[in-house]
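Dear colleague,

I am handing over a structure for you to look at, and I would be glad if you kept it open while reading. My notes on what was found follow below it.

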Protein chains: 2
Amino acid sequence: MHAKYNLLKQHFEEIVSLTNEEWDFIQSHFEYKSLKKHQFLIQTGQSVDFEYWIINGLVKAYSIDDKGKEHILQFAMENYWVSDHYAFQHQEPGTIFVDCLEDSEFFCLSLENREKICLEVPAVANFFRIKSNHGYINLQQRILSLLTMTAESRYEYLLNKLPKLIQRVPKKLIASYLGVSRETLSRFNS
Amino acid sequence: MHAKYNLLKQHFEEIVSLTNEEWDFIQSHFEYKSLKKHQFLIQTGQSVDFEYWIINGLVKAYSIDDKGKEHILQFAMENYWVSDHYAFQHQEPGTIFVDCLEDSEFFCLSLENREKICLEVPAVANFFRIKSNHGYINLQQRILSLLTMTAESRYEYLLNKLPKLIQRVPKKLIASYLGVSRETLSRFNS
DNA sequence: AGCTAAAAGTGACCTAAATCACTTTTCCAT
DNA sequence: ATGGAAAAGTGATTTAGGTCACTTTTAGCT
């Protein structure tokens, strides 16, 4: 477990620097969790008590429409943060599902603990500020890609940006992420 | 100008509390700017020196594709923040345009000053952290709406969510924001 | 008020992608 | 290794929305 906490520490220290005391304090506010493939991290209607940092593994965050169709909001793997941010932030029941595409391990941070370490250790507030900002920028890029690009060029763009992801994820899920039917995706390229 | 700075102070204090000394320090890191309708705040290829808080007015942030078509990333009005966040953060040339749909006034914050006030005043880091997080959540909602809803229901949703905005913005720009042609938008509803 | 330009509406036609139905391939679990 | 399920591929058909061309309405000027 020490080694795993060290990965998280490295993750913070890519952005901000921390003293050993600060790190010990921060670390003590995380919980460990482990799930197998197909298990749920978050389900609609249930409380969302944590934000999760992924130690290793792969999850998908998605919502299901009235026709039962799945729409993928995000794939998240090692080093990513994932949650139902809306529900977590507002402490409301979940609006999306998050489940594991591979066996996965997480460090879990509650809202209360997040606010606590942000207020106690300014570097943590800065860390999350910068992380959120990067996340915001990424989503803006994705929106632009949805507005400006055809499904096929979104696919090429993704192949280029996250080639490793494509290896690990069935194409029908990639299709759902891109906002295209699996049949159409299957007719692209190659 | 005092009164306008006060609006900004109120904006901060919706999220965090600040002492008078802290506020004076923060305030001194903003510059004032005023633009007329049709003037540009940000242009592609030019450096993006600031993040802007809108005192009053209305702007659109958009990119132009290879066919010369405009795609609207964001409308921003009083109390909103706007910039080319990517270019600003990475100090690279702008990738989008931002121009005024109405005469507008801004408080401008440089990257250097932002980092300075975030490091000096932890409440500011927390303010931007929370703001970014809200922004992230909003963009996730928009992505979901692009993935799951028809153009028509996206329009209804927007009408419902930001009725005032529709009043102030030509429908062809709303169409561009929704990712639909203006002819198609015109055929919706009533 | 009157002129111009931008915005909005509308019809006809076209196309990218969805949907449906079915086959083939790949991946696991026993 | 093998049987069953999930994933992927493919053809036929449908459809939402795009594009083009034109008219009507509205909003700003001077």
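Which of the 16 residues around DNA strand C come nearest? They are A:Thr184, B:Lys171, B:Lys172, B:Arg182 and B:Arg187. Of the atoms of DNA strand C that come within 4 Å of the protein, sugar and phosphate account for 42%. Please keep in mind throughout that this is a predicted model, and that the distances quoted here are computed from it.

Some individual polar contacts to this strand can be picked out. The side chain of A:Arg187 has an N or O atom 3.2 Å from a base oxygen of DNA strand C, whereas two residues of chain B reach phosphate oxygens instead: a polar side-chain atom of B:Lys172 lies 2.5 Å from one, and an N or O atom in the side chain of B:Ser186 is 3.4 Å from one. The elements that give two or more residues to the surface near DNA strand C are H9 of chain A, together with helix H8 (171–178) and H9 of chain B. H9(B) provides the largest share of that surface, with four residues. Sorted by character, the residues of the surface near DNA strand C comprise three nonpolar, five polar and eight charged.

DNA strand D can be described in the same order. It is surrounded by 16 residues, of which the closest are A:Lys171, A:Lys172, A:Arg182, A:Arg187 and B:Thr184. Among the atoms of DNA strand D within 4 Å of the protein, 40% belong to sugar or phosphate, and the rest belong to bases. Three contacts to bases are worth finding on your screen. An N or O atom in the side chain of A:Arg182 is 2.6 Å from a base oxygen of DNA strand D; the side chain of A:Arg187 has an N or O atom 2.7 Å from a base nitrogen; and the side chain of B:Glu183 has one 3.4 Å from a base nitrogen. At least two residues each of the surface near DNA strand D are supplied by helix H8 (171–178) and helix H9 (182–186) of chain A, and by helix H9 (182–187) of chain B. This surface consists of three nonpolar, five polar and eight charged residues.

How are the two protein chains arranged with respect to each other? Chain B is superposed on chain A by a rotation of 180 degrees, with 0.0 Å of shift along the axis and an RMSD of 0.0 Å. The two copies are therefore related as by a two-fold rotation axis. Within chain B, the residue closest to the rotation axis is B:Arg129, whose C-alpha is at 1.9 Å. Both copies use the same surface, in that 100% of the contact residues of chain B recur in chain A.

Turning to the strands, chain A has an open sheet of four strands in the order S1-S8-S3-S6, with antiparallel pairing. Its edge strands are S1 and strand S6 (81–82), each of which pairs on one side only. Inside the sheet, strand S3 (residues 50–56) and strand S8 (residues 104–110) of chain A pair in the antiparallel sense over six bridges, and one of the details to look for is A:Phe50, whose bridge partner in S8(A) is A:Ser110.

In chain B, strand S3 (residues 50–56) has six of its seven residues buried, so it is largely enclosed by the rest of the structure. S3(B) is joined to strand S8 (residues 104–110) of chain B by six bridges, and the two run antiparallel. Two bridges join S3(B) to strand S6 (residues 81–82) of chain B, again antiparallel. B:Trp53 stands opposite B:Phe107 in S8(B) and also opposite B:Trp81 in S6(B).

Finally, two loop residues deserve a look at their backbone angles. Most residues other than glycine have a negative phi. A:His38, however, has a positive phi near 80 degrees; it lies in the loop between strand S1 (30–35) and strand S2 (40–42) of chain A, and it counts as exposed because its relative accessibility is 61%, where exposed means over 50%. B:Asn79 is not a glycine either, and its phi is positive at about 85 degrees. B:Asn79 sits in the loop between strand S5 (70–77) and S6 of chain B, and at 38% relative accessibility it counts as partly exposed.

With best wishes

Key
Residues numbered from 1 in each chain as written. Chains lettered and ligands numbered in written order. Predicted model: local features only at pLDDT ≥ 70, side-chain atom pairs only at ≥ 80, totals over all residues. Heavy atoms only, no water. Near = heavy atom within 4 Å. Polar contact = N/O pair within 3.5 Å; in protein donor to acceptor, adjacent residues only side chain to side chain. Nonpolar A, V, L, I, M, F, W, Y, C, P; charged D, E, K, R; others polar. Buried < 20%, exposed > 50% of the residue type's maximum accessible area, 1.4 Å probe, protein only. Pairing = 2+ DSSP bridges. Least-squares fit on C-alpha atoms with pLDDT ≥ 70 in both. Contact = heavy atoms within 4.5 Å.
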